[in-house]
Amino acid sequence: MRLVHALRTVGPWLILWPLGHNLVTLALQVDTAEQARLLAESGWFASGSWARYLPAWAMMAYVALLIPRARDERWPTAPISGWYRDVLIPLGALCALVLVAIWNLTQNGRMEPLPYLPILNPLDLSTGFAALLAVASWRLHAQPEERALPRPGDHCSPPSPRISGST
């Protein structure tokens with residue numbers, strides 16, 4: 001059962017990378033030689049790194065969307081939410097952190113045609129997203145006793161007696 005759920009979770013997550021890479025690459029391609037010449041003359045260049053960052057952001061969003069589902073033991077994690085909380089989500093966060101660490105060591109963060117803006121370039125944004133995902137995964141994994149506590153509104157409490165005062 002766990003293997004089926006692992007394939008159901010990891011399969012779409014892994015297909016995001018090649019699918020997103022191909023879609024972004026196709027969107028950045030020039031259709032004709034005339035367009036290529038005009039873009040080259042104007043100095044316009046679009047970095048191919050967009051094809052790396054956008055699928056990675058989608059992959060991180062996929063794992064982030066699983067976190068509240070695993071915490072509340074809802075679909076699609078319902079049959080084995082504990083395994084999602086303890087294994088799959090932390091592995092997804094670890095994968096994102098390793099990927100971002102490699103990118104930080106091998107890339108400069110410049111994304112043509114956009115100017116370099118500290119903190120707002122895609123490399124720094126990817127680092128921030130991966131760090132937030134790791135913190136959310138750690139919080140999900142580190143505090144299991146909070147899941148056992150009832151939430152407000154889960155149970156009905158009797159109405160409190162009214163105290164009427166004389167005016």
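**Exercise 1. Find T77 in this predicted model and work out whether T77 is buried or exposed.**

Step 1: Start with the location. T77 sits in the loop between α3 and α4.

Step 2: Check the accessibility. Buried means under 20% relative accessible area. T77 comes in at 0%, so T77 counts as buried.

Step 3: See who is around. Skip the neighbours within four places in sequence, and T77 is in contact with R8, L66, R69, A70 and Y84. Two of these names come back on the α3 side of the next exercise: L66 and A70 are listed there.

**Exercise 2. Work out how α3 and α4 are oriented to each other.**

Step 1: Get the geometry. Helix α3 covers residues 50-71 and helix α4 covers residues 81-106; their axes come within 10 Å and cross at roughly 155°.

Step 2: Apply the cut-off. Angles over 145 degrees count as roughly antiparallel. Therefore α3 and α4 are roughly antiparallel to each other.

Step 3: Add the handedness. The crossing of α3 past α4 is left-handed.

Step 4: List who touches whom. From α3 come R52, Y53, A56, M60, V63, L66, I67, A70 and R71, while α4 brings S81, Y84, R85, I89, G92, A96, L99, V100 and W103. Sorted by class, this contact has 13 nonpolar, two polar and three charged residues.

**Exercise 3. Take a closer look at α3: which residues are buried, and what does its length tell you?**

Step 1: Pick out the buried residues. In α3 they are W50, A51, Y53, P55, A56, M59, M60, V63, L66, I67 and A70.

Step 2: Compare with one that is not in that group. A64 also lies in α3, but at 34% relative accessibility A64 counts as partly exposed. In space, the C-alpha of A64 is 9.7 Å from that of F129, although the two are 65 residues apart in sequence.

Step 3: Check the length. With 22 residues at 1.5 Å a residue, α3 should span 32 Å; its end C-alpha atoms are 32 Å apart, so the two agree.

Step 4: Look just past the end. Right after α3, E73 takes a positive phi of about 55°.

**Exercise 4. Now do the same for α4 and α5: how do they pack?**

Step 1: Read off the numbers. α4 and helix α5 (residues 122-142) have axes 9 Å apart and pack at an angle of about 155°. That makes α4 roughly antiparallel to α5.

Step 2: Note the handedness. α4 and α5 make a left-handed crossing.

Step 3: Name the partners. On α4 they include R85, I89, A96, V100 and W103, and on α5 they include L123, S126, A130, A134 and L140. By class, the contact between α4 and α5 has 13 nonpolar, six polar and two charged residues.

Step 4: Zoom in on S126, which is found in α5. Its relative accessibility is 0%, so S126 counts as buried. Beyond the neighbours within four places in sequence, S126 is in contact with Y53, W57, M60, V100 and W103.

**Exercise 5. Step back: how many helices and strands does the chain have, and how much of the chain is buried?**

Step 1: Count the elements. There are six helices and zero strands, giving the pattern α-α-α-α-α-α along the sequence.

Step 2: Look at burial. Of the chain's 167 residues, 26% count as buried.

Step 3: Look at the reach of the contacts. Take contacts between residues at least 6 apart in sequence: 71% of them join residues at least 24 apart.

Definitions and conventions: Residues numbered from 1 in each chain as written. Predicted model: local features only at pLDDT ≥ 70, side-chain atom pairs only at ≥ 80, totals over all residues. Heavy atoms only, no water. Axes fitted to C-alpha atoms, helices over the stretch in contact; angles between N-to-C directions. Helix = DSSP H or I, 4+ residues; strand = E, 2+ residues; numbered from the N terminus. Parallel < 35°, antiparallel > 145°, perpendicular 65-115°, else oblique. Left-handed = near helix turned anticlockwise from the far one by under 90°. Contact = heavy atoms within 4.5 Å. Nonpolar A, V, L, I, M, F, W, Y, C, P; charged D, E, K, R; others polar. Expected span 1.5 Å × (residues − 1). Buried < 20%, exposed > 50% of the residue type's maximum accessible area, 1.4 Å probe, protein only.
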